[in-house]
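Subject: Structure handover and salt bridges

Hello,

I hope your week is going well. Here is the structure I promised to pass on, and my notes are underneath.

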Amino acid sequence: MFPKPEQVARALSLFVFCVLLFQGTAWALRTGISHLRFGSGWTGPLFETWQSWGVIVGSQVVGFGVPSIVCLFVLRNTSTDTSSLGSAEPVTERLGTIARHMAAGSLLGGVLFYVLSFWLAPIWEPFVRLSEQERAFLSELLAPKTGLRPVWADLFAFALVPAVCEELLFRGALLRLLWAKEKDSVCTDGSPQDRCAQKARVYVAVLLCAGLFALVHGSAGRFLPTLCLGVAFGVAASASGSVLLAIAMHGQNNLLVVLLARRGVWSVSEVRPAIKWAFLPCAALAAWFAMRLVLPTLRFRFLMSKEGKKENGS
């Protein structure tokens, strides 16, 4: 039912390595940029505005993205389950699936943002919320006093890059490390009890990855919403057998956060009830349309044994 101890150890080792690499890269970039700044004597507002942008992009790519891609490549050659990479589908069908996942993920990411911000945030914000220091740091990061960056630059650095790199790590490499089967493992018999155990194992892996995802953000005020996001992204990745759906959801959520933060809006939980209820039909329609898009592509591949897949014609 639970991931094997060696799988958990490998996942935690990769997590610690990536976090240390992320922090080390961020420190090296900040130090290098500071030396360049003082060495060149350039202290203009343009330099200040783009400094944090470069640190975020570089540390995300080097700390999370590159190790995750290497790990996924290794797992592809050492695991019997390749559901999230290298599908044997025809190219046209594969491209159609990708398009459906990206469109559905964008819609579901918006719905997830609406549910968390308008309905769940009022429940936990009286008890845990961003501190003034965290709010000031994020405000300076996304809306620096020296001037706003172009919107495309912020969306690239704070929405697209984190969505891709973090999902490759948490819902790609770490999730697969926790449930991938080794080539020499004994095949399961496909019984109902065995399939229930496989499903429980995946659910435990999703929760573990969500917990690490919330932990790496390093904020008590953001732990609960980030944990909820991590669970949603994990369910999407596990159900689709692909990380693309989770990337699209993550990117859309980040996009909305960035656009609001650039306008100084950090919480929408205190809006008038009429506005909150007005968005409900839109969110329901978006969720319905997203499910219509994505359900035909869902395979639940690793929730079934090989015998179960044959019975279902997959």
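Below are the overall make-up of the chain and then its salt bridges.

A word on the basis: this is a predicted model, so local features need pLDDT of at least 70 and side-chain atom pairs count only at pLDDT 80 or more, while totals for chains, interfaces and linings use all residues. Residues are numbered from 1 along each chain as its sequence is written, and side-chain values use heavy atoms, with hydrogens and water left out.

The fold first. The protein chain has ten helices and zero strands; helices (H or I, at least four residues) and strands (E, at least two) are DSSP runs, numbered from the N terminus. Of its 314 residues, 45% are buried, where buried means under 20% relative accessible area, exposed over 50%, and partly exposed in between (1.4 Å probe, protein chains only). Among contacts with a separation of 6 or more, 84% are between residues 24 or more positions apart; a contact here means heavy atoms within 4.5 Å. The chain exposes about 16,100 Å², with carbon and sulfur atoms supplying 70% of that area (Shrake-Rupley method, 1.4 Å probe; for residues, only the protein chains shown count as cover).

Now to the charged pairs. I counted a salt bridge wherever a side-chain nitrogen of Lys or Arg lies within 4 Å of a carboxyl oxygen of Asp or Glu, and that rule gives three salt bridges.

One of them joins E167 and R171, at 2.8 Å from N to O. Both residues sit in helix 5, four residues apart, about one turn of the helix. E167 is buried, because its relative accessible area is 0%, and R171 counts as buried too, at 4%.

Salt bridges with shared partners also link R149, D154 and R262 into one network. Within that network, D154 pairs with R149, their closest N and O atoms being 2.6 Å apart, and both of these residues are buried. D154 also bridges to R262, where the closest N and O atoms are 2.9 Å apart. Because D154 lies in helix 5 (residues 151–179) and R262 in the loop between helix 8 (244–261) and helix 9 (273–294), this pair ties together parts that are 108 residues apart in sequence. With 0% relative accessibility D154 counts as buried, and R262, at 19%, counts as buried as well.

Best wishes
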